[in-house]
Amino acid sequence: MSMQQGGTPRSRPHPRPPATPAQALSAMDHLIAASMFGRQEMAQRLNLNVTDLTCFGFVLEAGDTLLTAGDLAERAHVTTGAVTGILNRLERAGYVTRRPDPTDRRRVRIAAQPAAVTRVLALYEPYYARLTELFAEYTPAEVAVLHDWFTRTGELMSEYREELRSQRPA
């Protein structure tokens, strides 16, 4: 259901027909493909590669709690050496600055550059507004199910990726 101003539900514009797990998996595969191509397009428009854009997203998500390079490496599932290259590129492109950690001068914290935040938000806000409108067509209980599914699926993918990394390639 959508919400009108004031939070009162209105009828759904799109009925949800039943779906099998196979149909849901197929729809998920199509969503992932569209997301990958969309992320690539957005990264190109920002003169970044997808990995660097994703890492910048982690920096933005952290907000005022500035990440360390190690934090970023952990979130991106890359080595600290790889994250150094990512940070070098993001810094050269004007997306981040490195600041000394106030509690440990051996570490640095990663801060987003305000002009870069403005550029990224200009690109993402129209898309996120449309997603927000789409979420408004669901009840709070349905959004809770979606949130749970996204969260658990993300965890499952991370676990599976770690399994794959621990195996030798065929």
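Where does V78 lie in this structure? In this predicted model, V78 is found in the loop that connects helix 3 (69-76) with helix 4 (80-92). With a relative accessibility of 29%, V78 falls between the limits of 20% for buried and 50% for exposed, so the residue counts as partly exposed. Leaving aside residues up to four places away in sequence, the contacts of V78 include V83 and I86. A longer view along the chain is given by P140: V78 and P140 are separated by 62 residues in sequence, and their C-alpha atoms are 35 Å apart in space.

From this loop, the description can turn to the sheet. Three strands make up an open sheet in the order 3-5-4, with antiparallel pairing. Strand 3 and strand 4 are the edge strands, each pairing on one side only. It helps to recall here that strands of a sheet pair through backbone hydrogen bonds, in either a parallel or an antiparallel manner. On one side, strand 3 (residues 67-68) is joined to strand 5 (residues 108-112) by two bridges. Both residues of strand 3 can be followed across to their neighbours: L67 stands opposite I110, and T68 stands opposite R109. On the other side, strand 4 (residues 96-100) is connected to strand 5 by five bridges, again in an antiparallel arrangement. Within this pairing, T97 has A111 of strand 5 as its bridge partner.

Helix 2 brings the sheet together with the helical part of the model. This helix lies across strand 3, strand 4 and strand 5, and runs at about 90° to strand 5. Helix 2 (50-62) also takes part in covering the buried residues of helix 5, as does helix 1 (21-45). The buried residues in question are A116, V120 and Y124.

Helix 5 itself (residues 114-135) deserves a closer look. A kink of about 40° is located at Y124, shortly before the proline P126. Y124 is thus a residue at which several features meet: the kink is placed there, and the residue counts as buried, at 12% relative accessibility. Another residue of interest is R119, which lies over the face of Y95 at 4.8 Å from the ring centre.

Aromatic contacts complete the picture. Across the whole structure, a search finds four aromatic pairs. In one of them, the rings of Y124 and Y128 have centres 5.9 Å apart and planes at 55°; this angle lies between the limits of 30 and 60 degrees, so the pair is classed as tilted. Both tyrosines belong to helix 5 and are four residues apart, about one turn of the helix. A further pair is formed by Y127 and Y128, with 5.7 Å from centre to centre and 85° between the planes, an edge-to-face arrangement. Through these ring pairs, Y124, Y127 and Y128 are linked into a cluster.

How do the members of this cluster stand with respect to the surface, buried or partly exposed? Y124 is buried, whereas Y128 is partly exposed, with a relative accessible area of 46%. Y127 is likewise partly exposed, at 40%. The cluster that joins Y124, Y127 and Y128 therefore includes a buried ring residue, Y124, along with the partly exposed Y127 and Y128.

How values were computed: Residues are numbered from 1 along each chain as its sequence is written. This is a predicted model: local features need pLDDT of at least 70, side-chain atom pairs count only at pLDDT 80 or more; totals for chains, interfaces and linings use all residues. Side-chain values use heavy atoms; hydrogens and water are left out. The bend at a residue is the angle between axes fitted to the seven residues ending there and the seven starting there. Buried means under 20% relative accessible area, exposed over 50%, partly exposed in between (1.4 Å probe, protein chains only). Contact means heavy atoms within 4.5 Å. Two strands pair if DSSP finds at least two bridges between them. Axes are lines fitted to C-alpha atoms, for helices over the stretch in contact, and angles run from 0 to 180 degrees between N-to-C directions. Rings of Phe, Tyr and Trp (its six-membered ring) pair if their centres lie within 6.5 Å; planes under 30 degrees apart count as stacked, over 60 as edge-to-face and the rest as tilted. A charge sits over a ring if NZ of Lys or CZ of Arg is within 6 Å of the ring centre and within 35 degrees of the ring normal.
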